[in-house]
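Here's a walk through a structure, starting with the overall build of one chain and working towards single residues. Have your viewer open and follow along.

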Amino acid sequence: MSKVKARAAAKASTPKALAEPDLEYQARNSKRREATSRWFYVLCVGIALLSVLILVVLLVSIGYQGQSRLRPSLLTNAHSELEIEQSGMWPAILGSLAVCGVCALAAMPLGIGTAIFLEEFKPTNKIARMIHGFVQLNISNLAGVPSIVYGLLGLTVFVYMFNVFGQIKVNESNGWEIVGAEHYYQVLSLERGQVVMIPQADPEQRQLTVTEPTVGVDADGNEVSIAIWEPGTPKPTDPEVRKRTVRKGAIGGTITERAWYYFRLPFDKSFLAAGLTLALVILPIIIISSQEALRSVSPSLREASSGLGATTWQTVRNVCLPAALPGVMTGAILAMGRAIGEAAPILVVLGAAVAKGTGPQNMMDTAVTMPVLIFNWSGRQQDEFRELAAAAIIVLLIILLILNSAAIYIRHKMQQH
Amino acid sequence: MKRFLGNGFLACLVCLVAVTGCGPKTTTATTDSTTAEATSSDPAGSDSAGSGTAEVSNMSGTIKINGSSTVAPISDAVREKFIKQYPNVTVNVDGAGTGNGFKDFQKKATDISDASRPIKPGELDACRENGVQFIEIPVAYDGLTIVVHPDNDWVKTMTIEQLKKIFVAGSEAKKWSDVDAAWPAEEINIFAPGTGSGTYDYFREVVADGEGESLRNDMNLNEDDNILVQGVAGNKYSIGFFGVAYYEESKDKLKAVEIVNPEDGTAYLPTTENIASNKYAPFSRPLFIYVSTASLPRAEVATFVDFYLENVSELCEKVGYVRLPEEIIAKGRENLDNEAIGTHFVDAEGNKRSGPLAANFKAENLTK
């Protein structure tokens, strides 16, 4: 310690000492620095390997648990409570793809558009600068908001729509049905398990009491006449007749036949609402990555375009976007990878229901998604379900891997051109 | 190398496209086959002068169910069997919890509410305010099992008083010897379901039923019952409780404690027979469905509830619960047929009725 002080004092008093370097000290110093550098290198390698190791441990343990359930039925069947062995995740795969499709269609134009606004249309006056700064600040903040908060937002905005369009109630109101809905009264016929459908004329009247012969429709939309059987008189015996006959005074409740383009406000618990909520989750990610991509386009390209007389829009359309596309696409696909694995917002928006035999059948249908199915299965008491959960995780990982590979492939492909 | 990698990724992409491409085809294929089945079975049905044979129904519609996650597997099982016979009916079963289920039910957002406890007076009031009327139907029993480590050789039976000493806050026993002087002077480790679960609520109701009593707050709480199983199985001086279905799954790792029935003073194990005969009291709880009467005129709801009562005893055993005695199911069916509106578990003054199911589930206890 005193030696160092003495040296410092010597340095300060005699500049000559600087001219005559302490060779021994320099050699020691250099060795010490090299050793530190080596240690740091080893530390970095160790840390890098640790993250890989964690992934490997995860994959091996999941693979070990789930390998016995990785069979075709996992991909083709639906969740089953009674035949656990035969449970599968096909509706969940379809549901996840549908939700993510909606999410991509909503988030990508919005996100890329915002990024273009922020990067290419630079503010020219004070007010525009303030708007820019405000938007930029909000996007940076939104990227850090937990996804379950977006779930609650989606619940109010997309599922209930602030109750502006009324609440959906089971026996009273379907909300505002805009297109694709046909209402019928469904009345039990005399044949067990068979019903007759009578088209609904007055949408306000939710129930119909059949007292006289009337006209209904069959499955193909053809008109059929419906007869009445009065209790006390002999019952028809021919099943075909029984199918077209109802008891006098039978009550019919309303059912809704929905075409695939069925559209209604509010969205209620539908895959559309879930997709739009996920779009909110990934929007900041897409904006920020697109901004980065646009920023990395060389300014000389922009200047050349402007120099040739192109407007800002022409420059964006013909120069900046094509040059930035690989980066934009990579960011977007990685964001989709996040969207497909999100469980929390979906649980809030769609609920935890997993028993659904098909993918979404119309625009307002519910959906089961893979993360929610895994969440449900892993919490069950039966061992089979926990193994199925592990197998489903493997499938989800493979799909994510494919998505990420696609991102890398697109980037390579586009950089070549 | 790059090129090679690129090709690999292309192959992956093609796979993805192929998989998604198959999707619609397979689904249309299955729907085709169901409709084909429906049409082909039609003439068959008419030939046999069908008196309710397994003909595929043309009934359609949507039934919305929400409520207890404990009851959801039963409703899911019924749904699964139901849609085999009625393929056009959509049944949505959500398991957001009994309380959340009743919130939806009050808002008229669901047709049926699943519940792992009877409706509470406050929820009943909310239903009345919104004009929601319902029929209360018990569907199965769930037994709450108290478990200890298999090497635990000092506990075989326990009384409610002993459980109170362990679980109730304030007077809690730190060591086994605090409960019974003959037991070892070792610290008790407690594993219990989370405070949000109906199981915790039910246990607290039975053990800490007095004024101002609550369960102690230094227990290891976890919503994941598998962790509770591991916790108790990993420590000789531990105790825990959860639904009987979880115990059945891990019988080899745990030992169930016989509980002394306060009525007859005999200790009973939570076996299927003891739960069904109500001897395993007070730790067997009934599970319910609440059906909105406004939905019953709809053919699909009426048929589904009918189907539910017909099949629940068999199906609930398949998903790990205990069937109700035949007379209680019959009583539920009677209530459904007579549209006996109201609950049996709240009295006219708005106080909660507690006690065994069979004692309360009587016509004279019905409160609208």
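Chain B of this predicted model is built from 13 helices and 12 strands. The chain runs to 368 residues, and 50% of them count as buried. Its contacts reach well along the sequence: take those with a separation of 6 or more, and 72% come from residues 24 or more positions apart. On the outside, chain B has an accessible surface of about 15900 Å². Carbon and sulfur atoms own 51% of that area.

Now for the inside. The largest nonpolar core holds 94 residues. If you want to find its best-connected members, pick out B:Ile146, B:Met158, B:Phe167, B:Trp176, B:Ile239 and B:Phe283, which have the most contacts inside it. Which helix gives this core its largest share? That's helix H11 of chain B, spanning residues 299–318, with 10 residues in the core. Another core lies apart from this one and has 74 residues. Among them are A:Leu74, A:Ala367, A:Leu396 and A:Ala407.

Let's zoom in on a buried residue next. B:Thr367 sits in the segment that follows helix H13 (357–360) of chain B. Is B:Thr367 buried or exposed? Its relative accessible area is 10%, and the cut-off for buried is under 20%, so B:Thr367 is buried. As for its company, skip the neighbours within four places in sequence and you'll still find B:Thr367 in contact with B:Arg128, B:Ile341, B:Gly342, B:Thr343, B:Val346, B:Asp347, B:Ala348 and B:Arg353.

B:Ala182 tells the opposite story. Look for it in the loop of chain B that runs between helix H6 (176–179) and strand S6 (189–192). Exposed means over 50% relative accessible area, and B:Ala182 comes in at 68%, so it counts as exposed. Try measuring from B:Ala182 to B:Trp154 as well: these two are 28 residues apart in sequence, while their C-alpha atoms are 8.3 Å apart in space.

Finally, hop over to chain A. Helix H3 of that chain covers residues 23–66, and A:Trp39 lies in it. With a relative accessible area of 64%, A:Trp39 is over the 50% cut-off and therefore exposed. What surface feature does A:Trp39 help to make? A nonpolar patch of about 580 Å², which A:Trp39 makes together with A:Tyr41, A:Val42, A:Val45 and A:Leu49.

Conventions. Residues are numbered from 1 along each chain as its sequence is written. Chains are lettered from A and ligands numbered from 1 in the order in which they are written. This is a predicted model: local features need pLDDT of at least 70, side-chain atom pairs count only at pLDDT 80 or more; totals for chains, interfaces and linings use all residues. Side-chain values use heavy atoms; hydrogens and water are left out. A nonpolar core is a set of buried Ala, Val, Leu, Ile, Met, Phe, Trp, Tyr and Cys residues joined through side-chain atoms within 4.5 Å. Buried means under 20% relative accessible area, exposed over 50%, partly exposed in between (1.4 Å probe, protein chains only). Helices (H or I, at least four residues) and strands (E, at least two) are DSSP runs, numbered from the N terminus. Patches are made of residues with over 30% relative accessible area and no salt bridge: like charges are joined within 9 Å, nonpolar side chains (Val, Leu, Ile, Met, Phe, Trp, Tyr) within 5 Å. Accessible areas come from the Shrake-Rupley method with a 1.4 Å probe; for residues, only the protein chains shown count as cover. A salt bridge is a side-chain nitrogen of Lys or Arg within 4 Å of a carboxyl oxygen of Asp or Glu. Contact means heavy atoms within 4.5 Å.
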